Amino acid sequence: MKAKAVREKFHYFHTSGKKAVALLIDPDAISNKAHFIGTIEQAVLGPIDFFFLGGSLATRAQCYSCVEQIKFLNRDIPVVIFPGNAIQVVENADAILFLSLISGRNPEFLIGQQVIAAPYLAQSDLEVLPTGYMLIDSGQLTSVNYMSQTIPLPSDKPALAVATALAGTMLGMSHLYLDAGSGAKRPVPKEIIAAVKNHTHCPLIVGGGIDTVAKAKAAWTAGADVVVLGNGVEKNPSLLTEVLSVAQMYNLSLNVN
C-alpha cells in the first residue's frame, strides 16, 4: 500500500456515501488453518474492503504470522491492526487504528499503551490512523470490558455518546469506532450511530454483535461508513458473502444515480 492509501480509502467511503465491510480476525482464535485460509479466500473474492487484525490475547508472533498469511493470499486489500495492546503492533501490516479508549477512564488504554507503541510506530512504515474508540453497552460483559477494566457507555444515552465522540475529534482523532464488543448480545443501537454520525465529520466504524444482514443494514442506514464482521462469520460463514452482496448492490445503485 502507498503512503496514506488506507486513510484515503476510509475517507472515500465517508465522503462518497458508499458502504464498506471489514473482516475482523483474531489471531489467537485461529485453530483450523484450512478454515482460516478458506475465510480469507472468500473475503478476497468478495471483495472485502478491509482486513482488521487484533484480539484480547493475541501475541506479537501470532499477529505477524497472521498478517503474513493474509498477504500471501492478497496484495490489494489493506490489513489494518486493531490492537488490544502495544505488543500486537507488527510492521508487516499496512496501517494501524491507533486507538484511545475514550469511553473509559482507564489511563492505560487512554494513553499508556499508546506511549509504549509510539516510538516503534515512529520508526515503522505503518500508516497511523488516530481513532477514538468507544465501547457501547451490549447487555453483557465482553472481553473488551474485562481486559480494559472500563464501563461501556449506556446504550440508551445518545447525548453522552455524542459528547464523547466530539471530545475525541476535538483532541485530533480522525476516525471513530463504536463497538459493542466481540460476541456482543446486541449491536450498537441505531440511535447511538445516528447521533454520532450527525454531530461528527470523520469516518465512522461500527462493530460488535453484527451477526445478520439486517443488523449490518441497520448500522449502515443509521450512518456507519464501515461495518465490522467478526464472530458472526465464524458461526455463519455465508454471512460474509451475504453482507458483501448487499453492500455492493447499494454502492452500485449510487453509481447509477
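At 7% relative accessibility, does Ser-103 count as buried or exposed? Ser-103 counts as buried, and its surroundings are the subject of the first view below. All the views are taken from a predicted model.

**View 1. Ser-103 in the loop between strand E4 and helix H4.** Strand E4 covers residues 95-101 and helix H4 covers residues 107-122, with Ser-103 in the loop between them. Its relative accessibility is 7%, and Ser-103 therefore falls under the 20% limit for a buried residue. Leaving aside neighbours within four places in sequence, Ser-103 touches Tyr-133, Met-134, Leu-135, Ile-151, Leu-153 and Thr-164. One of these, Thr-164, belongs to helix H6, which runs over residues 158-170. Gly-132 is 29 residues from Ser-103 in sequence, and their C-alpha atoms are 8.5 Å apart.

**View 2. Packing of helix H6 on helix H7.** The axes of H6 (residues 158-170) and H7 (residues 190-199) lie 9 Å apart and make an angle of about 40°. The two helices are therefore oblique to each other. The crossing of H6 past H7 is right-handed. On the H6 side the contact is made by Pro-158, Ala-161, Val-162, Ala-165 and Leu-166. On the H7 side it is made by Glu-191, Ile-192, Ala-195, Val-196 and His-199. Of the residues in this contact, 8 are nonpolar, 1 is polar and 1 is charged.

**View 3. The buried and exposed sides of helix H7.** Ile-192, Ile-193, Ala-195 and Val-196 are the buried residues shown in H7. Seen down the helix axis, the buried residues fall within an arc of 165°, so they line one face of H7. Residues three or four places apart in an α-helix point the same way, because there are 3.6 residues a turn. Lys-190 and Asn-198 are exposed on the other side of H7. The partners of the buried residues are H6, strand E6 (175-179), strand E7 (204-207) and H8. Among the buried residues, Ile-192, Ala-195 and Val-196 also take part in the contact with H6.

**View 4. Packing of helix H8 on helix H10.** H8 spans residues 213-222 and H10 spans residues 238-256. Their axes are 9 Å apart, at an angle of about 35°. H8 passes H10 in a right-handed crossing. Val-213, Ala-216, Lys-217 and Trp-220 are the H8 residues in the contact. They meet Leu-239, Glu-242, Val-243, Val-246 and Ala-247 of H10. The residues of this contact divide into 7 nonpolar and 2 charged, with no polar residue.

**View 5. Tyr-250 in helix H10.** Tyr-250 has a relative accessible area of 38% and is partly exposed. Apart from neighbours within four places in sequence, Tyr-250 is in contact with Gly-17 and Lys-19. Leu-110 is 140 residues from Tyr-250 in sequence, and the C-alpha atoms of the two are 36 Å apart.

**View 6. The cis peptide bond between Gly-46 and Pro-47.** The omega angle of this bond is about -10°. Pro-47 is in the loop that joins helix H2 (33-45) to strand E2 (50-53).

**View 7. Gln-149 in the loop between helix H5 and H6.** Helix H5 covers residues 143-148. Gln-149 has a phi near 55°, which is a positive value in a residue other than glycine. With a relative accessibility of 59%, Gln-149 counts as exposed.

**View 8. Ala-61 and Asp-76, in helix H3 and in the loop that follows.** Ala-61 is a residue of H3, which runs over residues 60-73. Its relative accessibility is 58%, and Ala-61 counts as exposed. The C-alpha atoms of Ala-61 and Leu-23 are separated by 20 Å, with the two positions 38 residues apart along the chain. Asp-76 is in the loop between H3 and strand E3 (79-81). Asp-76 also counts as exposed, at 65% relative accessibility. Asp-49 is 27 residues from Asp-76 in sequence, and their C-alpha atoms are 9.5 Å apart.

Note on methods: Residues are numbered from 1 along each chain as its sequence is written. This is a predicted model: local features need pLDDT of at least 70, side-chain atom pairs count only at pLDDT 80 or more; totals for chains, interfaces and linings use all residues. Side-chain values use heavy atoms; hydrogens and water are left out. Axes are lines fitted to C-alpha atoms, for helices over the stretch in contact, and angles run from 0 to 180 degrees between N-to-C directions. Helices (H or I, at least four residues) and strands (E, at least two) are DSSP runs, numbered from the N terminus. Angles under 35 degrees count as roughly parallel, over 145 as roughly antiparallel, 65 to 115 as roughly perpendicular and the rest as oblique. A crossing is left-handed if the near helix is turned anticlockwise from the far one by less than a right angle, and right-handed if clockwise. Contact means heavy atoms within 4.5 Å. Ala, Val, Leu, Ile, Met, Phe, Trp, Tyr, Cys and Pro count as nonpolar, Asp, Glu, Lys and Arg as charged, and the others, Gly among them, as polar. Buried means under 20% relative accessible area, exposed over 50%, partly exposed in between (1.4 Å probe, protein chains only). The arc is that of the directions from the helix axis to the C-beta atoms.
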